[in-house]
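Hi,

Here is the structure I promised to pass on. Have a look at it first, and my notes on what turned up follow underneath.

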Amino acid sequence: MKTQLAEEISGALLDECYELTLSELCRACELPAEEVLALVEEGVIEPLGQGRTQWRFSGICVRRVRRVRNLKRDLGVNLPGAALAIELLEEIEHLQAQLRRFEEQL
Amino acid sequence: MVFNKTMEYKDYYKILGLERDASQDEIKRAYRKLARKYHPDVSAETGAEDRFKEVSEAYEVLKDPEKRAAYDQLGSGWQSGQEFRPPPDWDQGFEFHGGGFTEADPEAFSDFFESLFGRGGFSPGFGGGFRREFRARGENTYARIAIDLEDSYRGATRQITLKHSELGPDGRPQLRERTLNVKIPKGVTEGQQIRLAGQGEPGFGGGDTGDLYLEIHFNPHSFYSVEGKTVYLDLPVTPWEAALGAKVRVPTPEGAVNLTVPANSATGGKLRLRGRGIPAAEPGDFYVVLKVVPPPADTESEREAYRRFGDAFDFNPRSGMGG
């Protein structure tokens, strides 16, 4: 096993303010445009701007799209099923964060 | 195939919780159930990802009657984790379609799997990952990184070590380790991703290198808790501070601040420090949640103080309960 020397690198933070075009989002999630469009149709992600060439997606879409992609691929669920699953998963994450807070208060 | 090294035997039936005579339907059901439970995008449990890989590998073999028959031929006398060396002629008479190529990510599979079924068409930018068609650009890669809440307030540099396969000079894949010092930008929140351009898998035929995505998670903190950009602190106060009001010193991840507890505060009362949550582009708020802590009455004078305290009030907190 070879070890390369460490280099210091900084990246882009994909937060709410970060904007991606449709093709950037496709590349980030390694999906063809049709599949990303299907996710827009399903309401999983919402673009800003008029018309596909003007569309901008927020950086947080990357994680959502990737999770839907993985669930479809690995669990054999269809798009509406994966969309429902990530909504529920995000709700669970939110509730777990709240639960941790209330448990600390005890 | 690599036959000259030893590795641990994997009991694929046991991994899926099945008997060796399980039907193909039972195998599929068991896999689906475990995959849902341990999928890294579903489960936050530690070790879920490793468990998911193990389950996928087991299913990869058992779902395919050819591979299953070959695996079964090894016999049932093996124990999980036992040192394993495949018999030199073990796969004679079996033909694996596509050279034993797998649809799942073959790089995620164990040496044990590899020794039996090969890596299948390994070449950079081809075959690994979820799409099998030729692509010149290298694959994106993903990793999780755990940071402290304070790192998000100040920004930080974190060292991460990544393992990845590369073709060696002999044409065989070899495991390489790479250490990166990554700048964690100020203001990151749980679950956000950092994209490190050009740090993914190398491209093929002059194609670009893929990107590395780092998903941020916070280590649990001993007294702060975080929800999105909002940070909470449970602050213990004495009954007299809560009743009479007080100025108290309160820790925040940016340093201690003076805070006024208003008179007649109670447990659960929230005091907001606007904009002192996670310093994202739009900063979150910091909430101090009061928790009134009565002192124990251990000495006679302390008990006397509680008695006088009780005499001074006409107060029944259970009045609404019909008590």
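**A sheet shared by two chains**

Let's start where the chains come together: an open sheet of four strands, with mixed pairing, is built in the order E2(A)-E6(B)-E7(B)-E3(B). The edge positions go to E2 of chain A (residues 12-14) and E3 of chain B (141-147); each has a single partner strand, so one side of each is left without a neighbour in the sheet. On average, and ignoring direction, neighbouring strands here are turned by 30° against each other. Do keep in mind that this is a predicted model.

The link between the chains is the pairing of E2(A) with E6 (residues 193-196) of chain B, which is antiparallel and has three bridges. If you want a spot to zoom in on, Ala12(A) sits opposite Arg195(B) in E6(B). Chain A also contributes a helix here: H3 (residues 61-75) of chain A lies across E2 of its own chain and across E3, E6 and E7 (212-218) of chain B, and it runs at about 100° to E7(B).

**The other sheet in chain B**

Chain B has an open sheet with four strands too, in the order E8-E9-E13-E12, again with mixed pairing. E8 (224-227) and E12 are the edge strands of this one; each of them has a single partner strand, so one side of each has no neighbour in the sheet. The twist from one strand to the next averages 25°. E8(B) pairs with E9 (residues 230-237) of chain B in the antiparallel sense, over four bridges, and Tyr224(B) faces Leu233(B) in E9(B) across that pairing.

**A hairpin and the loop after it**

Next, have a look at E10 (residues 246-250) of chain B, a strand with two distinct faces: Ala246(B), Val248(B) and Val250(B) make up the covered one, while Lys247(B) and Arg249(B) are on the uncovered one. Its antiparallel partner is E11 (residues 257-261) of chain B, joined to E10(B) by five bridges. Lys247(B), from the uncovered face, stands opposite Thr260(B) in E11(B). The two strands form a hairpin with six residues between them, and Gly255(B) in the turn has a positive phi of about 120°.

Carry on past E11 and you reach Ser265(B), in the loop that leads to E12 (270-273) of chain B. Is Ser265(B) buried or exposed? Its relative accessibility is 17%, and the cut-off for buried is under 20%, so Ser265(B) counts as buried. A polar atom of the Ser265(B) side chain lies 2.6 Å from the backbone oxygen of Pro262(B). Setting aside neighbours within four places in sequence, Ser265(B) is in contact with Ala242(B) and Leu290(B).

**Helices in chain B**

H3 (residues 48-62) and H4 (residues 65-73) of chain B have axes that come within 6 Å and cross at roughly 100°. Angles of 65 to 115 degrees count as roughly perpendicular, and H3(B) and H4(B) are therefore described that way. Where they meet, H3(B) brings Glu60(B), Val61(B) and Leu62(B), and H4(B) brings Lys67(B), Arg68(B) and Tyr71(B). By class, that contact has three nonpolar and three charged residues, with no polar ones.

One last residue: Phe112(B) belongs to H5 (residues 111-117) of chain B. With a relative accessible area of 1%, Phe112(B) is buried. Its C-alpha atom is separated by 34 Å from that of Asn219(B), 107 residues away along the chain.

Cheers

Note on methods: Residues are numbered from 1 along each chain as its sequence is written. Chains are lettered from A and ligands numbered from 1 in the order in which they are written. This is a predicted model: local features need pLDDT of at least 70, side-chain atom pairs count only at pLDDT 80 or more; totals for chains, interfaces and linings use all residues. Side-chain values use heavy atoms; hydrogens and water are left out. Buried means under 20% relative accessible area, exposed over 50%, partly exposed in between (1.4 Å probe, protein chains only). Two strands pair if DSSP finds at least two bridges between them. A polar contact is a pair of N or O atoms within 3.5 Å; within protein, one must be able to donate a hydrogen and the other to accept it, and residues adjacent in sequence count only if both atoms are side-chain atoms. Contact means heavy atoms within 4.5 Å. Axes are lines fitted to C-alpha atoms, for helices over the stretch in contact, and angles run from 0 to 180 degrees between N-to-C directions. Angles under 35 degrees count as roughly parallel, over 145 as roughly antiparallel, 65 to 115 as roughly perpendicular and the rest as oblique. Ala, Val, Leu, Ile, Met, Phe, Trp, Tyr, Cys and Pro count as nonpolar, Asp, Glu, Lys and Arg as charged, and the others, Gly among them, as polar.
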